[in-house]
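Thanks for coming. I will walk through one structure, a few places at a time. Please have the sequence and the 3D view open.

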Amino acid sequence: MTRVCVVGAGPAGLVATKTLCAAGLEVDCFELSPEIGGHWVIDNPNGRSAAYRSLETNTTLAMSRLSDFAMPADWPDFPGHALVREWFESYVDAFGFRERIARRSEVVSARPQSPSGWLVSVRGADGAQAERRYDALIACSGNYWHPRRPAIPGTFEGELLHAQRYRDPSTPVEMRGQRVIVIGIGNTGCELACEIAAGGAEAVFLSARSGVWIMPKRMNGRPTAASAPMMHPCDPIPAPFRALPRAPREWLFGKIAARMLRRMLGERMARFAALGLPPPPASPQEKRATICDPILDCLERGAVVARPAIERFEGKEVVWTDGTRERADVVLCATGYHLRYPYLPADLVDTRDDDLTLFLGAMHPRRHDLFILGVSRPTGGFWPIAEIHAQFAAALLSGRYALPRQAEIDRRAGPILRRRAFNPALYGLAMREELARGARRAGSRRDE
């Protein structure tokens, strides 16, 4: 039987373990923490969680669901971290694979063997290290644990910290009565700036180097995404799109979606520009949109003030790129994370530019027994995309799917992060089409 090592028991690792087990594969999932759930376990003992106390999903219940496991319909539209953790715990129990997860188990290294297979070194809870052999490796250790800090010249004499350490306006540092600068206008930067302002900061400044489309979570009391079609890989695709080849249908959908978003958000984005935020990209799909309800109101009330990028630090002051300066007590960097897989050989998995080139967004183009799951750029939820990638890996490893020729794998491999955000439903359709082609290839090769 094919033996598979899954690294990490966060959302992607749990989805991968369940999917691979269901395909009849022998699976061992190793999790560094005593808890499962990864990023969604606040103050995770593994020290890698970036969850803060007010964290909730940015995608609705319908967008976050898995193909065979939905969130309870009576939950909030955007469940908080405690409910998400509860949901994943119930997912493990519903499908009965808890015994496949080894907690307090760190994958120290995974060395590729020739011509295939992996020698995996695991350190257990007792500190003892053992090596195990596997036919394939699924890396699901996440990309929210290695903070990316901006390189700003000078010395800052206040508190300088990354958002990974933030829990609330008083933890890990007291921000009430303080002058706080938040760097970054992604989801986290906008949410934390609003929360810190509401928590009693003397002043909050939101520093942005470049613009992004900023969408509210709710419009007219309903989730914004509720009126948007095709926001989940399992959502139905209108017949005109299904009839087109992949490239034309994605181009057409992109044009239609961009026009709809400009019409829906154009006036709102003009208000952001008038308040001092940089203009967003021409296409709303060029960068993954920021989703935050209170940020526009906070900026218009003056509770949060938009500022440009920081040019340098000078003691207790920051100097902005427009030449003005501001006194600050705390600088909070909501500047994202590096993509890192320290247990994999750097020459095989080179993430120095914080990206990877993969086939179908999941498989190493030259090592067909190595898969990276849980890192993608959908306009919807991450977990359903991780499930699709797990289904691809399970089909390949169980022999139900056959790869195309190596030249085609190389041609179709591409970056997983430095790309336009993709529509989940169209992506789901494209993956189902590819799995069907691969199944036909597998059948033809068995008949030869």
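A word on naming before the first stop: strands here are DSSP runs of E with at least two residues, numbered from the N terminus. Keep in mind that this is a predicted model.

With that naming, D168 sits in the loop that runs between β10, residues 159-162, and β11, residues 179-183. Is D168 buried or exposed? The relative accessible area of D168 is 18%, and the cut-off for buried is under 20%, so D168 counts as buried.

What does the side chain of D168 reach? One polar contact, at 2.8 Å, is with the side chain of R53. The side chain of D168 also comes to 2.9 Å from the backbone nitrogen of T171. If we leave out residues up to four places away in sequence, D168 touches R53 and E195.

R53 brings me to A82. Those two residues are 29 apart in sequence, and their C-alpha atoms are 9.2 Å apart in space. A82 belongs to helix α3, which covers residues 81-95. Its relative accessible area is 53%; the cut-off for exposed is over 50%, so A82 is exposed.

Stay with helix α3 and add helix α1, residues 11-22. How do the axes of these two helices cross? They come within 11 Å of each other, and the crossing angle is roughly 10 degrees. Angles under 35 degrees count as roughly parallel, so α1 is roughly parallel to α3. On the α1 side the contact is made by P11, L14, V15 and K18, and on the α3 side by F88, Y91, V92 and F95. Sorted by type, the residues in this contact of α1 with α3 are 7 nonpolar, no polar and 1 charged.

Now the strands, starting at the N-terminal end of the numbering. Strand β1, residues 3-7, is mostly covered, with 4 of its 5 residues buried. β1 pairs with strand β2, residues 26-30, in the parallel sense, and the pairing has 5 bridges. Within that pairing, V6 has C29 of β2 as its bridge partner.

The next item is an open sheet of 3 strands. The order is β4-β5-β6, and the pairing is antiparallel. Which strands are at the edges? They are β4 and β6, the latter being residues 129-134, and each of them pairs on one side only. From one strand to the next, the twist averages 20 degrees.

Taking that sheet pair by pair, β4 covers residues 106-112 and β5 covers residues 118-123, and 6 bridges hold their antiparallel pairing. S109 has S121 of β5 as its bridge partner. The hairpin of β4 and β5 has 5 residues between the strands, and G117 there takes a positive phi near 95 degrees. On the other side, β5 and β6 are also antiparallel, again joined by 6 bridges. In that pair, V122 stands opposite A130 of β6. A general reminder for anyone looking at side chains here: in a regular strand they alternate between the two faces of the sheet.

There is another open sheet, this one with 4 strands. Its order is β9-β18-β19-β20, and the pairing is mixed. β9, residues 154-156, and β20, residues 325-327, stand at the edges; each has a single partner strand, so one side of each is left without a neighbour in the sheet. Here the twist averages 35 degrees from one strand to the next. What is the sense of the pairing between β9 and β18? β9 and β18, residues 310-315, pair in the parallel sense over 3 bridges. F156 has G315 of β18 as its bridge partner.

The last stop is R366, in the loop between β23, residues 357-358, and β24, residues 370-372. R366 is exposed, at a relative accessible area of 55%. Which residues does R366 touch, not counting those up to four places away in sequence? The answer is Q406 and D410. With D410 there is a polar contact, side chain to side chain, at 2.5 Å. As for L66, R366 is 300 residues away along the chain, and the two C-alpha atoms are separated by 29 Å.

To go back over the two loop residues: D168 is buried and R366 is exposed. The side chain of D168 has its polar contact with R53, and the side chain of R366 has one with D410. That is the end of the tour.

Note on methods: Residues numbered from 1 in each chain as written. Predicted model: local features only at pLDDT ≥ 70, side-chain atom pairs only at ≥ 80, totals over all residues. Heavy atoms only, no water. Buried < 20%, exposed > 50% of the residue type's maximum accessible area, 1.4 Å probe, protein only. Axes fitted to C-alpha atoms, helices over the stretch in contact; angles between N-to-C directions. Parallel < 35°, antiparallel > 145°, perpendicular 65-115°, else oblique. Contact = heavy atoms within 4.5 Å. Nonpolar A, V, L, I, M, F, W, Y, C, P; charged D, E, K, R; others polar. Pairing = 2+ DSSP bridges. Polar contact = N/O pair within 3.5 Å; in protein donor to acceptor, adjacent residues only side chain to side chain.
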